Amino acid sequence: MRNRSSGQKINLNSRGIVISEKLAKLLNLSIGDELSLVTTNGKKVKLPISNICEMYMGHYLLMNSNVYQKYFNKKVNSNAQLIELNNKKQTNSFANSLMKTGAVSAINLNTNNQQIIDSLIQSMNKVIFLLIGLAALLAVVVIFTLTTTNLEERMREIATLKVLGFYNNEASLYIYRETIILSIFGILIGFLIGNWLHGFIIDNLSPLNAMFRPGILFSNYLLSALIPLVITGIMAIFVNRKIKEVNMLEALKSVD
């Protein structure tokens, strides 16, 4: 067991119990609070929380034998076994063989839980890739529209710059500098909005019995910034070609 944020190892102690992070979030509990349980005979027990551990599937409450005896007033009696198989493909057949013995009342397979989570993540990935594609298409349309409008409105300025001896790259930067600055500001604002949106999706789309990792990797920020930068760069090449094709005499003669 460990703490997800700090990575620090967690050991069971006699000060209280350890609960999974998703359970703590659902019940709005933190370290130092008390978790109320009702036993099978109707007795209400309040257990102090000494730590919260990283857990992505299921809800767990962990304690050592001292804590159990202190709050439940009886000795620990193990009624379950944790079995780990080397061959995961034989999990179902092994579980069926145990149930046929009649000595087992229930079996919880972690592989089944994992398959459910993997299926949900794959469905989410399809939606996310679709959103990324639509966002990239929107960026292309917006930047292309801004670029073409800017070129049409400043055609005489471009021709004047070229007559004065400006190179094509200098003239392109004169026109496209605004688009580059707006793209950079858009990326920075997108980081803030995207961080909030990521947290919203992680909190609301995850099932009640599972938790998605809430952290964002540096590669996520890098990729989200790279997509608009690449689109902006491609549009810059388009602008440079258009400026090369500008007829200086015709542009300067077109005065309303």
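**View 1. Strands β1 and β3 run side by side.** Strand β1 (residues 17-20) is joined to strand β3 (residues 44-53) by 4 bridges, and the two run parallel. Look for I19: its bridge partner in β3 is I52. Helices (H or I, at least four residues) and strands (E, at least two) are DSSP runs, numbered from the N terminus, and two strands pair if DSSP finds at least two bridges between them. Keep in mind that this is a predicted model, where local features need pLDDT of at least 70 and side-chain atom pairs count only at pLDDT 80 or more, while totals for chains, interfaces and linings use all residues. Residues are numbered from 1 along each chain as its sequence is written, and side-chain values use heavy atoms, with hydrogens and water left out.

**View 2. Here is the whole sheet, with a helix lying across part of it.** The open sheet is formed by 4 strands in the order β2-β3-β1-β4, with mixed pairing. β2 (34-38) and β4 (61-62) stand at the edges with a single partner strand each, so one side of each has no neighbour in the sheet. Helix α2 (residues 65-72) lies across β1, β2 and β3, and runs at about 155° to β3. That angle is taken between N-to-C directions on a scale from 0 to 180 degrees, using axes that are lines fitted to C-alpha atoms, for helices over the stretch in contact; contact means heavy atoms within 4.5 Å.

**View 3. E54 has two arginine partners, R2 and R213.** A salt bridge here is a side-chain nitrogen of Lys or Arg within 4 Å of a carboxyl oxygen of Asp or Glu, and by this rule the count comes to 3. One of them joins E54 and R2, at 2.5 Å from N to O. E54 sits in the loop between β3 and β4 and R2 in the segment before β1, so this pair ties together parts that are 52 residues apart in sequence. E54 also forms a salt bridge with R213, with the closest N and O atoms 3.3 Å apart. R213 is in the loop between α6 (168-205) and α7, 159 residues from E54. Shared partners make R2, E54 and R213 one network. Buried or exposed? E54 is buried, with a relative accessible area of 13%, whereas R2 is partly exposed at 43% and R213 is partly exposed at 48%. The cut-offs are under 20% relative accessible area for buried and over 50% for exposed, with partly exposed in between (1.4 Å probe, protein chains only).

**View 4. E21 and R4 make another salt bridge.** Their closest N and O atoms are 3.0 Å apart. E21 belongs to helix α1 (residues 21-26) and R4 to the segment before β1, 17 residues apart. E21 is buried at 19% relative accessibility, while R4 is partly exposed at 24%.

**View 5. A nonpolar patch sits on the surface.** I128, F129, I132, L223, L226, I227, V230 and I234 make up this patch of about 710 Å². Two or more residues each come from α4 (110-153) and α7 (218-244), and α7 gives the most, with 5. L226, in helix α7, is partly exposed at 45% relative accessibility. Patch residues have over 30% relative accessible area and no salt bridge; like charges are joined within 9 Å, and nonpolar side chains (Val, Leu, Ile, Met, Phe, Trp, Tyr) within 5 Å. Accessible areas come from the Shrake-Rupley method with a 1.4 Å probe, and for residues only the protein chains shown count as cover.
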